[in-house]
Amino acid sequence: MCDLVARTGRHQQRYEHGRRLVAGCIPFRYKDNNDETSDDGHKKLVEVLMINSQSGSGLLFPKGGWENDETVEEAAAREAIEEAGVRGDLVQLLGFYDFKSKTHQDKFCPEGMCRAAVFALRVKEELASWPEQSTRKRTWLTLSEAVERSRYPWVREALTTGFTTWHENWSNGDDHVDPSSR
């Protein structure tokens with residue numbers, strides 16, 4: 001049984017210019033790559049954690065409503081715990097991604113437009129139980145597998161233009177990439 005409880009409802013939801021504001025993250029970790037063809041013979045492979053969609057096939061990253069009583073970083077970290085059962089360090093804001101939600105239209109956002117702030121989250125802990133474990137399955141994937149299995153175009157974009165660009169720079173010692181430059 002999980003002691004954590006997921007937030008529900010829209011009474012504290014943030015909106016801006018007719019869009020629902022959401023926060024999420026791309027959880028990642030490093031795994032040993034024992035590929036004998038690699039140059040150094042023992043390279044670290046980056047993997048990202050994706051979760052199943054509750055409304056169809058394909059995978060996505062943990063994300064959800066950014067509420068009035070929390071910072072965008074707190075919202076992203078909370079969603080990682082609630083939906084994917086992981087904790088870690090938010091390393092970098094990767095950017096803002098606009099999309100249309102078919103399931104989350106309301107009086108403040110009748111068109112269903114959303115803007116997601118997406119962060120890179122370096123996973124430090126995988127929880128044995130979490131609030132949405134009965135409806136969410138988590139899957140660790142390589143970057144190419146994640147792109148292939150992403151449910152939505154905006155999720156692929158966040159992965160390819162946001163995470164991959166940032167990670168390449170970060171791995172090469174440039175620890176800051178300005179997400180507004182994309």
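**Figure 1. Residues 177–182 and model confidence.** Over residues 177–182 the pLDDT (the predictor's confidence in each residue, from 0 to 100) stays under 50, and the model has 13 contacts beyond four places in sequence for this stretch. A contact here means heavy atoms within 4.5 Å. Where pLDDT is low, the predicted coordinates should not be read in detail. The protein as a whole averages a pLDDT of 84, and 78% of the residues score at least 70. Confidence is lowest in strand β1 (residues 15–16), at a mean of 90, and highest in α1, at 97. Helices (H or I, at least four residues) and strands (E, at least two) are DSSP runs, numbered from the N terminus. This is a predicted model, in which local features need pLDDT of at least 70 and side-chain atom pairs count only at pLDDT 80 or more, while totals for chains, interfaces and linings use all residues. Residues are numbered from 1 along each chain as its sequence is written, and side-chain values use heavy atoms, with hydrogens and water left out.

**Figure 2. Helix α3 and its bend.** Helix α3 covers residues 153–171, 19 residues in total, and reaches 25 Å from its first C-alpha to its last. This is close to the 27 Å expected at 1.5 Å a residue, the expected span being 1.5 Å times one less than the number of residues. At F163 the helix bends by about 30°, the angle between axes fitted to the seven residues ending there and the seven starting there. The buried residues of α3 (under 20% relative accessible area, 1.4 Å probe, protein chains only) are W154, V155, A158, L159, G162, F163, W166 and H167. An α-helix has 3.6 residues a turn, so residues three or four places apart point the same way. Just after α3, G173 takes a positive phi of about 95°.

**Figure 3. The largest nonpolar core, around I26.** This core has 41 residues, and those with the most contacts inside it are I26, V48 and F163. Two or more residues each come from β2 (19–33), β3 (43–52), β4 (59–60), α1 (72–84), β6 (86–100), β7 (113–126), β8 (138–142) and α3. β7 gives the most, with 8 residues. A nonpolar core is a set of buried Ala, Val, Leu, Ile, Met, Phe, Trp, Tyr and Cys residues joined through side-chain atoms within 4.5 Å. Leaving aside neighbours within four places in sequence, I26 is in contact with V48, F61, L94, V118, F119, A120, L121, A158, L159 and F163.

**Figure 4. The salt bridges R29–E126 and K31–E47.** The structure holds 13 salt bridges, each a side-chain nitrogen of Lys or Arg within 4 Å of a carboxyl oxygen of Asp or Glu. The side chains of R29 and E126 meet at 3.4 Å, N to O. R29 in strand β2 and E126 in strand β7 are 97 residues apart. Both are partly exposed (between 20% and 50%): R29 has a relative accessible area of 26%, and E126 has 38%. In the bridge between E47 and K31, the closest N and O atoms are 4.0 Å apart. E47 lies in strand β3 and K31 in strand β2, so the pair ties together parts that are 16 residues apart in sequence. E47 is buried at 7%, whereas K31 is partly exposed at 42%.

**Figure 5. The salt bridge R87–E125 and a shared network.** R87 and E125 form a salt bridge with closest N and O atoms 3.5 Å apart. R87 belongs to strand β6 and E125 to strand β7, 38 residues apart. R87 is partly exposed at 32% relative accessible area, as is E125 at 36%. Salt bridges that share partners join R29, K31, E47, E126 and R138 into one network.
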